[in-house]
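Here is a set of short exercises to work through with the model open beside you. Try each task before you read its solution.

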Amino acid sequence: MTTTSHTQMHTYMRTPDAARPESKYEKPVILPEMDDKDPARHAWADARFATDIMAEHALFFALLMPEELAARERAEALRFNAQFTELFNRIDGTPPPERGDLKSFIQSVVEPIKPFIEYKARLGDAQGSGELRSLVWPLFFDHTRHEAERWTRRMENLAKGEPELERKEVVSFWTNIMDEHARFVAHLLDPDEFELIERALNAGTVFSELHKGGIVGTVSALVAEPTTVVGSLVQNPEMDAVMSAAKTILDFKTEAARDIEGARIKSIIDPRLSDHVRREALKFIDELKRAV
Ligand SMILES: [Fe+2]
Ligand SMILES: [Fe+2]
């Protein structure tokens, strides 16, 4: 097969239908068309997405582990980064697997994630207990571990030929992730960025309430952060509260990514991290549209 892996799929850019990335930090997201139920194409797209995410988690750990504080852990992180980068390049450079190769394809993705889950758990505990004094928050280890575990579950479902996403799972997983991203951003902004810090914390509250699920979550999100929720529903009047909040946070992250790249926001946020969380918000929206 000589066709590229991108045929029959949609490439998502920061600006819809842009011909090329707007900066060296923007990474396009390639996903199956909305009506596509083919497990192999979903496996390829999600593996492509997740292995790049894993490579970046490893890179972020390394950036937050000065030699002086965590030389061994940093070296391990850089090895994971190299390994997942290689895996990503291999997937990106080949078409989706044939039906008969789906299981072995998924194995090749899930197996390397296992020791990385173990690393995130072990170092999360060490950082929490004070045994490790890196600059990685315990919650950042937990957050990235939850993502690794979730991609593993997703891959295992696809190996069984099940591409369907369940709305309850999608909402529960991603609202928690969005809540934590918002709180990460709030704590990585320059302490002088009062207004943005407040917006980020408010968004975190909205997602933590929406995480409770159903009408209860929506109502408590509305009660906790009326301006944020009403504001986002006003912008997206045709949507339910979760989709509306997800679109609002994607817009916030896209704008923040540009402002961080352009140094219009004062922060210690690496531009690769702002694009990373932007892509995760984009994936949330995409999954929400597919979920039943
Ligand atoms: Fe992530
Ligand atoms: Fe994340």
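**Exercise 1. Find what share of the residues in the protein chain is buried, and describe the surface that remains exposed.**

Solution. Keep in mind that this is a predicted model. Start with the cut-off: a residue is buried when its relative accessible area is under 20%. By that criterion, buried residues make up 52% of the 292 residues. Next, turn to the outside. The protein chain exposes about 13,900 Å², and carbon and sulfur atoms supply 55% of that area.

**Exercise 2. Work out the order of the secondary structure elements and decide how compact the protein chain is for its length.**

Solution. First count the elements: there are 10 helices and 2 strands. Then read from the N terminus on, where the order is β-β-α-α-α-α-α-α-α-α-α-α. The radius of gyration is 19 Å, close to the 19 Å that the globule rule gives for 292 residues, so the protein chain is as compact as a globular protein of that length. For the overall dimensions, the C-alpha trace spans about 50 × 50 × 35 Å along its principal axes. Finally, look at how the chain meets itself: of the contacts with a separation of 6 or more, 70% are between residues 24 or more positions apart.

**Exercise 3. Count the charged side chains and the salt bridges, then examine pairs that lie within one helix.**

Solution. Begin with the totals. The protein chain has 38 positive and 50 negative side chains, and the centres of these two sets lie 2 Å apart. The structure holds 32 salt bridges. Three of the pairs can now be taken in turn.

- Arg 122 and Glu 118 form a salt bridge with an N to O distance of 3.1 Å. The two residues sit 4 residues apart in helix H3 (residues 102–129), which means that about one helical turn separates them. Arg 122 is partly exposed at 35% relative accessible area, and Glu 118 is partly exposed at 42%.
- Arg 145 and Asp 142 form a salt bridge whose closest N and O atoms are 3.5 Å apart. Both belong to helix H4 (residues 138–159), 3 residues apart, or about one turn. Here the burial is mixed: Arg 145 counts as buried at 18%, whereas Asp 142 is partly exposed at 27%.
- Arg 279 and Asp 275 bring their closest N and O atoms to 2.6 Å in a salt bridge. They are 4 residues apart in helix H10 (residues 271–290), again about one helical turn. Both residues are buried.

**Exercise 4. Trace the salt-bridge network that includes Arg 279 and Asp 275, and characterise Arg 278 and Glu 56 within it.**

Solution. Start with the membership. The network links Arg 14, Glu 22, Lys 27, Asp 52, Glu 56, Arg 258, Glu 261, Asp 275, Arg 278 and Arg 279.

Now take Arg 278, found in helix H10. Arg 278 is buried, with a relative accessible area of 1%. Leaving aside neighbours within four places in sequence, Arg 278 is in contact with Arg 14, Glu 26, Lys 27, Leu 250, Lys 253 and Thr 254. As a check on distance, compare Arg 278 with Ala 58: the two are 220 residues apart in sequence, and their C-alpha atoms are 18 Å apart in space.

Then take Glu 56, which lies in helix H1 (residues 39–63). Glu 56 is also buried, at 6% relative accessible area. Not counting residues up to four places away in sequence, Glu 56 touches Lys 27, His 276 and Arg 279. Put the two contact lists together and Lys 27 appears in both, touching Arg 278 and Glu 56.

**Exercise 5. Locate Asp 17 and Ala 263, and decide whether each is buried or exposed.**

Solution. Check the backbone first. Asp 17 has a positive phi of about 65° although it is not a glycine, and Ala 263, likewise not a glycine, has a positive phi of about 55°. Next, place them. Asp 17 is in the loop between strand S1 (9–12) and strand S2 (29–32), while Ala 263 is in the loop between helix H9 (241–261) and H10. For the last step, the cut-off for an exposed residue is a relative accessible area over 50%. Asp 17, at 68%, counts as exposed, and Ala 263, at 62%, is exposed as well.

Key:
Residues are numbered from 1 along each chain as its sequence is written. Chains are lettered from A and ligands numbered from 1 in the order in which they are written. This is a predicted model: local features need pLDDT of at least 70, side-chain atom pairs count only at pLDDT 80 or more; totals for chains, interfaces and linings use all residues. Side-chain values use heavy atoms; hydrogens and water are left out. The radius of gyration is taken over C-alpha atoms; the globule rule is 2.2 Å times the number of residues to the power 0.38. Buried means under 20% relative accessible area, exposed over 50%, partly exposed in between (1.4 Å probe, protein chains only). Contact means heavy atoms within 4.5 Å. Accessible areas come from the Shrake-Rupley method with a 1.4 Å probe; for residues, only the protein chains shown count as cover. Lys and Arg count as positive and Asp and Glu as negative; His and the chain ends are not counted. The place of a charge is taken as NZ of Lys, CZ of Arg, CG of Asp or CD of Glu. A salt bridge is a side-chain nitrogen of Lys or Arg within 4 Å of a carboxyl oxygen of Asp or Glu.
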